[in-house]
Amino acid sequence: MNIKTLIVAAVVAATGSIAAHSQNPGQPEWLGDAVVYQIYPSSFQDSDGNGIGDLPGITSRLEYIKSLGVTAIWMNPIFVSGFTDGGYDIIDFYKVDPRFGTNTDLVKLVEKAHSLGMKVVLDLVAGHSSDQCEWFLQSAEAENLHYSDYYIWPSFKPEEPASNGPMDYAQLMNSSASLIRKFVKTDAPRGPYYVKNFFDTQPALNYGFANPDPDHPWEQGVDDPGPQAMRRELKNIMSFWMDKGVDGFRVDMAASLVKNDFDKSATIKLWQTDLKKWFKENYPDNVLIAEWFNPSQSIEAGFDIDFFCHDGTYNYSTLFFNINRRSGGAATCYFDLAGEGELKTWYDLYKFQYDAVQGKGYVSMPTGNHDFTRLSAGARTSQDQLKVAMTFFLTMPGVPFIYYGDEIGLTHQSNVKPVEGAGARTGTRIPMLWDASKNAGFSTAEAEKLYIPQDPDPARRTVENQESDPSSLLNYVKNLLKIRKASKALGNDGEWRLVSSLDQPYPMVYERSRDGEKCLVVVNPSAKKVSVDIPAYGNQSPEILGGFYKKASYKSGKTSDRITVDGCSAVIYSIK
Ligand code: GLC
């Protein structure tokens, strides 16, 4: 397809960039124009030739990350781990795993990021440790020791309520009624059971129970001494890293802390009245990002940002995955050339969350993450399609999150052998592709030593070949971020409103606005040329700020305006 990519550098140069401060009271101001880049540390850049990425490798790529227009990085766990769940089973919360380097390497990374004007966010696995963690080993002993109350040790397994049907991932994560299914049988002296959070190797830390059952002696109250000590430890972990310069955390399974907390009120209270309160008092310029998947709860709990992506009730599956979440059957997602998707499911869920947190915090729709299929996958791997999807991601409100490699269209590898508990998630955690050198510049190790095999396609997209091609996805993404930064309306705090009808899903048209500035974004992932009527704006010839299209027309009418766009295209209009 000979579609030309509109290069908008001139427009940006003319308008300049706007330093936007977060409009949400009490939030760090830098969130107003924050753009976060997520790095899976084992897969980004290997500096010592062992086939696995590390911190000095990431440090050496910070200039590249900065060149995208990114203002912060979030790294998945880098701490000493048993690696039965890709680092989410932590053995020592205070030490960088030797595979990634040393604590000093982290400090160097942070210092360099800061010198480039970027923030560094770590992963805080607040809810569980590894079963190899010293705390757990000690807690498993029969006698009463320092860490005895850091975990939950049921003395018997209660009957499982009959009504509990199969549970999805989010329900499992959030425990609630599913707790009994997380009892793990053990020979440890403290047994016969402990409670896990995810895999058996990830025993849950003890933050207490919402309503301790007097018949279950292992259920302590949230304010009992054990859970209180646990909270102090968590604060200590956070201080330890933030005092080294780290700018905040993405909190893993943040909703899971208090057990049997069916409506999450006790977990919300715990964060709001203690953990987040303490955080804000001591580190007011730092950020707390929730993996909660329900912003209406997590922002109330005090988090600055929460995700809206693959899981929980509130997800964007109908936009990006060809699977019906309820039935498990095939479905056609919205971002597909077939043009058979629908918007209503996503719209209702998203709108609810957007309204719930407006003016208080951010809902973020990441371009991907380490737990689900990459954006470039299946029938959606062409640059054109990815440009359209990226236009959507980078013109929506909230803090944008770019999963490493999505800016070059790193393609999901579904046939790779699972590593370190990743299972089907392995294909999304693939090594970055940098250039034409050995292993695409990721590592000097032999190919079979790489953490996960790379995309074998000889025509694979790399940073190098994308940087030199003006019409590449990478250059398109950079331009989108420039446009976003230059516009108050398109920024993190700009308001959002769908102006096209849910009855006609293609194209989707939404308005972004702030302080009298208005933009319209038209997104058509289908292969068909489409027209749409929207309420009249009274603007004869809106200026095009950017987008990916061959031809686009905007006809102003008395009562309605008509926009026509090509198949697989996206246009950003400025409405004066
Ligand atoms: C989160 C992480 C996931 C991990 C799980 C257990 O969902 O994103 O990768 O397996 O928590 O820690």
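# Close-up views of helices and loops in a predicted model

**View A. Helix α11 and its surroundings.** Helix α11 covers residues 344–357, and because each of its 14 residues should add 1.5 Å, the expected span is 20 Å, which agrees with the 20 Å that separates its end C-alpha atoms. The structure shown here and in the other views is a predicted model. Within α11 the buried residues are W346, Y347, L349, Y350, Q353, Y354 and V357. In an α-helix there are 3.6 residues a turn, so residues three or four places apart point the same way. The elements that cover the buried residues of α11 include the helices α9 (295–298), α10 (317–320) and α12, together with the strands β11 (362–364), β13 (495–498) and β14 (508–514). Just after α11, the backbone at G359 adopts a positive phi of about 80 degrees.

**View B. Helix α14, residues 473–486.** The 14 residues of helix α14, taken at 1.5 Å a residue, should span 20 Å, and the end C-alpha atoms of α14 are indeed 20 Å apart. Of these 14 residues 12 are buried, so α14 is largely enclosed by the rest of the structure. The buried residues of α14 are L473, L474, N475, Y476, V477, K478, N479, L480, L481, I483, R484 and A486, where buried means a relative accessible area under 20%.

**View C. The packing of α12 against α14.** Two packed helices are described by the angle between their axes and the distance between the axes. For helix α12 (residues 383–393) and α14, the axes come within 10 Å and cross at roughly 20 degrees; since angles under 35 degrees count as roughly parallel, α12 and α14 are therefore roughly parallel to each other. The crossing in which α12 passes α14 is right-handed. On the α12 side the contact involves Q383, L386, K387, M390, T391 and F393, which meet L473, Y476, V477, L480 and R484 of α14. By class, the residues of this contact of α12 with α14 comprise seven nonpolar, two polar and two charged.

**View D. The packing of α7 against α8.** Helix α7 (residues 225–242) packs with helix α8 (residues 265–282) at an angle of about 30 degrees, and the axes of the two helices lie 10 Å apart. That angle makes α7 roughly parallel to α8. The crossing of α7 and α8 is right-handed. From α7, the residues R231, L234, K235, M238, S239 and M242 make the contact, and from α8 the residues L270, W271, D274, L275, W278 and F279 do so. Sorted by class, the contact of α7 with α8 holds eight nonpolar residues, one polar residue and three charged residues.

**View E. Loop residues S468 and T381.** S468 sits in the loop between α13 (463–467) and α14, and with a relative accessibility of 59% S468 counts as exposed. The C-alpha atom of S468 is separated by 36 Å from that of L498, a residue 30 places away along the chain. T381 belongs to the loop between β11 and α12, and its relative accessible area of 29% makes T381 partly exposed. Apart from its neighbours within four places in sequence, T381 is in contact with S376, L386, T411 and R461; one of these, L386, also takes part in the contact of α12 with α14. Between T381 and F303, 78 residues apart along the chain, the C-alpha separation is 34 Å.

Technical notes
Residues numbered from 1 in each chain as written. Predicted model: local features only at pLDDT ≥ 70, side-chain atom pairs only at ≥ 80, totals over all residues. Heavy atoms only, no water. Helix = DSSP H or I, 4+ residues; strand = E, 2+ residues; numbered from the N terminus. Expected span 1.5 Å × (residues − 1). Buried < 20%, exposed > 50% of the residue type's maximum accessible area, 1.4 Å probe, protein only. Axes fitted to C-alpha atoms, helices over the stretch in contact; angles between N-to-C directions. Parallel < 35°, antiparallel > 145°, perpendicular 65-115°, else oblique. Left-handed = near helix turned anticlockwise from the far one by under 90°. Contact = heavy atoms within 4.5 Å. Nonpolar A, V, L, I, M, F, W, Y, C, P; charged D, E, K, R; others polar.
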